[in-house]
Amino acid sequence: MAQPAVAREQLFALRETIAKLEGKPAPALAAAESQALAESGLAAKRNGVLRLPLGIPALDEAIDGGLPLDGITEVRSALLREAGAGSGFVLALAAMLQGQTKESPNASLPILWIADTVCTMEAGAPYAVGLRDFGLKPDLFFYASPRKLEDALWLAEAAVESGVFPATILEVRGNPKLFGLTESRRLSLRAKASKRPLFLLRQAGEEEASSAHFRLLAAPAPAQARPLPDGTMLGGSIGNPAFHLTLEKSRNPALLSFLLEWNPHDRRFFAVSQSADPRLPDECAAHSGAPFSASPDRPDRKKEMGSLLAFARTS
């Protein structure tokens, strides 16, 4: 069943390429908005597509200069207990789009989060104080929790098509049958027509064919200790959120993994090594998709069990 879905996705991508070669001009309003975004430093245009660069050279190169702002970007978590990593990364992207200055065209526009009911019960809902500490504006953050997936998909289509929100986040749990390649394609067309991005947040889901330009697997990573003015590291403190990202869907033939840290004050990402120690090089190193191996002598390694004793049943 997966092969026909992939074939249809390739066909849709081919049709999009043909349409781009025809060179139809964009509306004047959309062109003006794209130019304003590019001048604000929050987005860059590459190959005629408005993109959001993440500020990490190796990662931006792998995603063709940045995440597309007229399509779908999928972020998934492998397990529901890791939902915070996927949610945090998507919220960081939304904070970047919401704008850092008052001159940004998106500075006064709200972000829309369309939540999944089961995910909310398991992982919780966004918290106003936490949103502000994360770099977002709570008064410009809308939250919706439809009871049915059909209602969530309808709301996502309407939100993206309206062009009101600089970013729409659609949270989906797992791989529901009602949300397949057809529904993904429809959302992608809405996003392309309105020049607005949709972030598909798939919690505890598997890889599947979709119309997303890129798919990233987000997993939690340990926060880095903060350096003191004298150069020593402050241990035991709470650092900025850190993410282990794996680029699963892109033009690259192999999986790429990155360790990033989110700075909510500057609203930008840093390579973990760079943000932890400014003396290290700025370039973020790309790794293979293999998971990191644990140290054999880590302090929390489980100790060997002692001898086992057998007890008779009491009843």
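User: Let's start with Arg 268. Leaving aside its neighbours within four places in sequence, which residues is Arg 268 in contact with?

Analyst: A contact list shows what a residue touches once its close sequence neighbours are set aside. In this predicted model, Arg 268 is in contact with Glu 261, Trp 262 and Asn 263. As for its place in the chain, Arg 268 belongs to strand E14, which covers residues 268-271.

User: Is Arg 268 buried or exposed?

Analyst: Here you compare the relative accessibility with two cut-offs: under 20% is buried, over 50% is exposed, and values in between are partly exposed. Arg 268 has 38% relative accessibility, so this residue counts as partly exposed.

User: How far apart are the C-alpha atoms of Arg 268 and Leu 54?

Analyst: Separation along the chain and separation in space are two things to read side by side. Arg 268 and Leu 54 are 214 residues apart along the chain, and 7.2 Å separates their C-alpha atoms. For the chain as a whole, take the contacts with a separation of 6 or more: 71% of them join residues 24 or more positions apart.

User: Now the rings. How many aromatic pairs are found in the whole structure?

Analyst: The search finds six. One of them joins Phe 89 and Phe 243, with 6.0 Å centre to centre and 70 degrees between the planes. Planes over 60 degrees apart count as edge-to-face, and this pair is edge-to-face.

User: Why does the pair of Phe 89 and Phe 243 tie together parts that are apart in sequence?

Analyst: Look up the element that holds each ring. Phe 89 sits in helix H4 (residues 83-98) and Phe 243 in strand E12 (residues 242-249), so their pairing ties together parts 154 residues apart in sequence. Phe 89 is buried, at a relative accessible area of 0%, and Phe 243 is also buried, at 3% relative accessibility.

User: Which angle and distance describe the pair of Trp 113 and Phe 141?

Analyst: That pair is tilted, with 45 degrees between the planes and 6.5 Å centre to centre. Trp 113 is in strand E5 (residues 111-114) and Phe 141 in strand E6 (residues 141-144), so to speak a link between distant parts of the chain, 28 residues apart. Both Trp 113 and Phe 141 are buried.

User: Which residues do ring pairs link into a cluster?

Analyst: Phe 89, Phe 134, Phe 243, Trp 262 and Phe 269. You have met Trp 262 already, as a contact of Arg 268.

User: And the whole chain: what does its secondary structure come to?

Analyst: Nine helices and 14 strands. Of the 315 residues in the chain, 46% are buried.

Notes: Residues numbered from 1 in each chain as written. Predicted model: local features only at pLDDT ≥ 70, side-chain atom pairs only at ≥ 80, totals over all residues. Heavy atoms only, no water. Helix = DSSP H or I, 4+ residues; strand = E, 2+ residues; numbered from the N terminus. Buried < 20%, exposed > 50% of the residue type's maximum accessible area, 1.4 Å probe, protein only. Contact = heavy atoms within 4.5 Å. Phe/Tyr/Trp six-rings, centres within 6.5 Å; stacked < 30°, edge-to-face > 60°.
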